[in-house]
Amino acid sequence: MGVTPVTDKEPPAPLIALRRRRFAGLVAALAALTIVTVLSVMVGSQAIAPSVVWDALFNPSDDFDHFAISDFRLPRTIVGLAVGAAFGISGALIQALTRNPLADPGILGVNAGASFAVTVAVGLLGVSDIRGYMWFAFVGALVVTIVVLALGSTRRGQSPVVMVLAGVCVGAVLGGATSALTMTNPDAFDQMRAWGAGSILGRPLEIVWPVLPLLGVALVLALITSRSLNAMALGDELAASQGVRLVRTRILSVAAITLLAGGATAIAGPIGFVGLMVPHVARWIVGPDQRWIFAYSVLLAPSLLLASDVLGRVVMAPSEIPVGIVTAFVGAPVLIALVRRRKASGL
Amino acid sequence: MIIPSLRRPTAVLTAALLGVSLVLSAAIGASAQETRTIDADNGTIEAPANPQRIATLGRANGSFLALGGKPIAVTKLRQGDFDALLEDQQAAYEAATLLGTSASEADLEKLASLKPDLIFISVPNADFEQMKEKLEAIAPTILLGFHSDWKRRVEVVAEASNKVDVLNKQKADYDQQVAAIKTKYAETIKNDTFVEVGSGEFSKVAVFHLNGSTCTEVVRADVGLDIADLGEGGQSRSYEQIGALADYDVILYPVDHKGNVTEAFRPMTESSAWQALPAVKSGRTVGIYCPLDRSYPGNSRYMESLDRGLAALPKDE
C-alpha cells in the first residue's frame with residue numbers, strides 16, 4: 001500500500017474532497033430550488049393539470065385555472081424566491097457578524113422596527129393598504145438598525161455583543177410599544193395580524209419590483225464583506241493584522257442585513273426561522289467559508305420558503321395556511337435539533 | 001281641652017303619613033327587589049325585573065343599543081361598528097363609561113364601582129368562563145352566546161332589560177319589510193342561485209369565505225334565498241379558487257355602512273379572476289352591509305341594502 005505523494009501544486013486530498021462536496025452540494029441545492037420552484041407553480045389548493053399550467057404560462061386565456069396561475073401562483077413564487085434569498089443571506093450575515101450561530105436578523109431589532117412602523121401607519125395614520133405600509137415597515141427596519149448600530153458602538157468600535165444586546169433591548173421596547181398601540185386600537189390589531197402572520201400570497205408584484213434593486217445592492221455588499229467576515233471569524237485582532245478594516249466591514253454588513261431583512265420583512269411580514277436555519281445547514285455542508293455559505297443560502301433559503309408555502313397550500317385545502325406559520329412549525333423542531341447536536345457547526 | 005284635641009289630628013296625620021311612607025317604601029323596595037327569571041346561554045338567571053343600570057360588554061353593546069338602551073358602561077366598539085350606529089345610539093354609547101378595548105380585557109374594578117344591576121356580555125364561551133365568577137359577584141350576568149340564534153338572543157336582551165314592547169315593534173317592522181322583499185323579488189328568489197363571499201378577517205390573507213357571515217342565515221331562513229348552508233362560519237377558500245364562484249347567478253359581497261367595498265375584501269375584487277366571473281361581468285353582484293349587532297334594526301339595514309342591490313340587478317335574459 002503506497003502513500004500518494006502530495007506535490008506543492010496540488011491541494012491536499014481533504015481540500016479536494018471538500019471542494020467536490022461543495023460543488024456537488026451547490027448543484028444539488030440548485031436542483032432542489034428548481035424542483036421546488038416548479039412545484040410552487042404546479043401545486044396549490046386548486047388541482048390544476050400540468051398541461052393547463054403549461055398553457056397558462058405560455059398560451060394564457062380567460063380560463064379560471066389560468067388566472068389561478070398568473071394571478072396567484074406565479075407572483076407568490078417570484079415573491080418567495082426574492083424574500084427567501086434575502087432572509088437566507090441576511091441570516092448568514094448576522095451569524096457571521098455576531099459570531100453567534102443561533103442569531104437571526106430579528107436579533108438586531110429588524111422585525112420589531114418594521115412591526116412598530118406598520119402599527120403606527122395602520123393605527124395612527126390610517127394607512128390600510130400593503131402598498132402603503134410596506135414602506136413604513138422598510139423605513140422602520142432601517143431606522144431601528146441604525147439606532148442599534150449607534151447604541152452598539154463603543155469608543156473601541158462596534159462590539160458584536162453590545163450590538164446584540166442593544167438590538168434585543170430596542171426590540172423589547174418597540175415590542176411593548178407595538179402591543180400597547182394594538183391593544184388600544186382593535187382596528188389596527190386586525191390589520192397587523194394580516195401582515196404579522198407572514199405570507200407571500202396576496203402580495204402584488206408591483207410592491208416587489210421597487211424592493212428588488214435594494215436587495216441586489218445588499219447582495220453585492222454581502223459578497224464584498226464575505227472575505228473580511230472569514231478573517232473576522234478568527235478574532236478581531238487577527239483580522240486586523242491581515243488588513244481587514246473592521247469598522248467598514250461591520251457597517252457594510254449591517255447595511256446589507258438591514259436592506260435584505262428590512263426589504264423582505266416589508267414585503268412578506270416577519271417570517272421566522274428561515275434566516276436562522278438555512279445558514280446553519282449551509283455551514284454543515286461547506287464549512288465556515290462565508291462565500292460558500294452565502295451561495296448556499298441564496299439557493300436553500302428560497303427552497304425552504306417555497307416548500308413551506310406549498311405545504312401551507314395543501315394541508316388545509318381548499319383554504320391555506322400563511323407560510324410564516326408553516327416555517328414556525330418546521331423551524332421549531334429543527335432549532336431544537338440544532339441546539340442538541342453534539343457538534344454545532346462552527347463559525 | 002285644647003291640647004288633646006290638637007294632639008289627636010296631629011297624631012292621626014303622623015300615623016297616616018308614616019303608614020303611607022311605609023307602604024310606599026315597601027312598594028319601592030319590593031319593586032327594586034322584584035326579579036324575573038331569564039333563560040340565558042349561561043343558564044337560568046335571576047335578574048332585576050326593571051334594571052336601571054345596565055352594563056354591556058363585547059358584542060352585547062350593539063344588541064342593547066339597538067333596543068334604544070342606554071348602558072352605563074360599555075367596551076370599545078370597532079370604528080366601523082361605531083360609525084354604523086344611529087346618531088342617538090352613538091350618543092348613548094359615548095355617554096357610557098368605557099371599560100376597555102375588549103370584553104375579555106374589561107376593567108372589572110371600574111365596572112364594580114359603577115354598581116350595575118345587570119350585565120350583558122357576548123364573548124366566546126372560553127373567555128366567559130374565565131370572567132364568570134367575577135362578573136356574577138358584581139351583578140346578575142347574562143351571556144349572549146356567540147353562536148346562539150339571533151332572534152332568541154334579542155328576545156333575551158329585551159326581556160331582561162324590560163324592553164319587550166320596543167322589540168315587538170321592531171320585529172313587526174322587520175317582518176313587514178321581509179314580506180315586501182319576498183313579494184317584490186319572488187322571481188329572482190325562485191330562479192337564481194346565490195353565494196355570499198367575504199373576507200372578514202385580515203389575518204387570513206388571500207383567503208375568502210363562502211356563506212360565512214351571520215347575515216347568510218338571515219337571508220336563507222327569512223327571505224328564502226337559494227344560498228347553501230356551509231355550516232357555522234361558512235367555508236374558507238384560497239384565492240386560487242375564485243373560479244368556483246362562476247357556478248352562481250348572483251354574488252353577494254361585503255360593503256361597509258357607506259356602501260364601499262371593505263378594505264379586507266378589496267384585493268379580491270382587483271384580481272383578474274374576479275373580474276372574469278360571469279356574475280361580475282353581467283353586473284349581477286350585490287354589495288351588502290352586514291351589521292354585527294344581530295338585532296332587528298341591524299338586520300333591517302341589511303335588508304335595505306339587499307333590497308337596493310336586488311333592485312339594481314339586470315333582468316335575466
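Is F273(A) buried or exposed? F273(A) is buried: 22 other C-beta atoms sit within 10 Å, and the cut-off for calling a residue buried is 20 or more. That comes from a predicted model, as does everything else below.

## A closer look at F273(A)

Let's stay with that residue for a moment. To find F273(A), go to the loop between α11 and α12 (274-286) of chain A. Its backbone has a twist to it: phi is positive, about 75 degrees, even though F273(A) is not a glycine.

## Chain A as a whole

Now step back to the chain around that loop. Chain A is built with 14 helices and two strands. Its radius of gyration is 21 Å, and the globule rule gives 20 Å for 347 residues, which is close, so chain A is as compact as a globular protein of that length. If you want a feel for the dimensions, the C-alpha trace spans about 70 × 55 × 35 Å along its principal axes.

How much of chain A counts as buried? The share is 51% of its 347 residues. Then there are the contacts along the chain. Taking those in chain A with a separation of 6 or more, 76% are between residues 24 or more positions apart.

## Helix α3 and its two partners

Two packed helices are described by the angle between their axes and the distance between the axes. Start with α3 (residues 64-98) and α13 (residues 290-314), both in chain A: they pack at about 140 degrees, with their axes 7 Å apart. Angles over 145 degrees count as roughly antiparallel, and 65 to 115 as roughly perpendicular; α3(A) and α13(A) are therefore oblique to each other. Their crossing is right-handed. Sorted by class, the residues in this contact are 16 nonpolar, seven polar and two charged.

The other partner to look at is α11 (residues 246-268) of chain A. Here α3(A) packs at an angle of about 145 degrees, and the axes are 8 Å apart. What is the handedness of the crossing of α3(A) and α11(A)? This crossing is left-handed. On the α3(A) side, the residues that meet α11(A) include V79(A), V83(A), F87(A) and L97(A). Across from them, α11(A) brings residues including R250(A), I257(A), L260(A) and I267(A). By class, the contact of α3(A) with α11(A) has 15 nonpolar, three polar and one charged residues.

## I207(A) and its neighbours

One of those α11(A) residues, I267(A), turns up again when you look at I207(A). Which residues does I207(A) touch, leaving aside those up to four places away in sequence? They are I130(A), R131(A), M134(A) and I267(A). I207(A) itself belongs to helix α8 (residues 205-208) of chain A.

I207(A) has 17 C-beta neighbours inside 10 Å, so it counts as partly exposed. For a sense of distance, try E320(A): 113 residues separate I207(A) and E320(A) along the chain, and their C-alpha atoms are 22 Å apart.

## A cis bond at P318(A)

Here's a spot worth zooming in on. The peptide bond joining A317(A) and P318(A) is cis, with omega at about 10 degrees. P318(A) lies in the loop between α13 and α14 (323-340) of chain A.

## Chain B

Over to the other chain. Chain B has 14 helices and 13 strands. Of its 317 residues, 41% count as buried. Among contacts in chain B with a separation of 6 or more, 64% involve residues 24 or more positions apart.

Chain B also has a residue with an unexpected sign of phi. K115(B) is not a glycine, yet its phi is positive, about 50 degrees. Look for K115(B) in the loop between α5 (108-113) and β6 (118-122) of chain B. With 11 C-beta neighbours inside 10 Å, K115(B) counts as exposed.

## Where the chains meet

How many residues of chain B are in contact with chain A? There are 24, and they meet 28 residues of chain A. Two elements of chain B, β11 (235-238) and α12 (272-275), each supply at least two residues of the side that touches chain A. Of the elements there, β11(B) gives the most, with three residues.

What kinds of residues make up that side of chain B? By class, nine are nonpolar, ten are polar and five are charged.

Notes
Residues are numbered from 1 along each chain as its sequence is written. Chains are lettered from A and ligands numbered from 1 in the order in which they are written. This is a predicted model: local features need pLDDT of at least 70, side-chain atom pairs count only at pLDDT 80 or more; totals for chains, interfaces and linings use all residues. Two residues are in contact if their C-beta atoms, placed from the backbone, lie within 7 Å. Helices (H or I, at least four residues) and strands (E, at least two) are DSSP runs, numbered from the N terminus. Ala, Val, Leu, Ile, Met, Phe, Trp, Tyr, Cys and Pro count as nonpolar, Asp, Glu, Lys and Arg as charged, and the others, Gly among them, as polar. A residue is buried if 20 or more other C-beta atoms lie within 10 Å of its own, exposed if 12 or fewer, and partly exposed in between; C-beta atoms are placed from the backbone. The radius of gyration is taken over C-alpha atoms; the globule rule is 2.2 Å times the number of residues to the power 0.38. Axes are lines fitted to C-alpha atoms, for helices over the stretch in contact, and angles run from 0 to 180 degrees between N-to-C directions. Angles under 35 degrees count as roughly parallel, over 145 as roughly antiparallel, 65 to 115 as roughly perpendicular and the rest as oblique. A crossing is left-handed if the near helix is turned anticlockwise from the far one by less than a right angle, and right-handed if clockwise.
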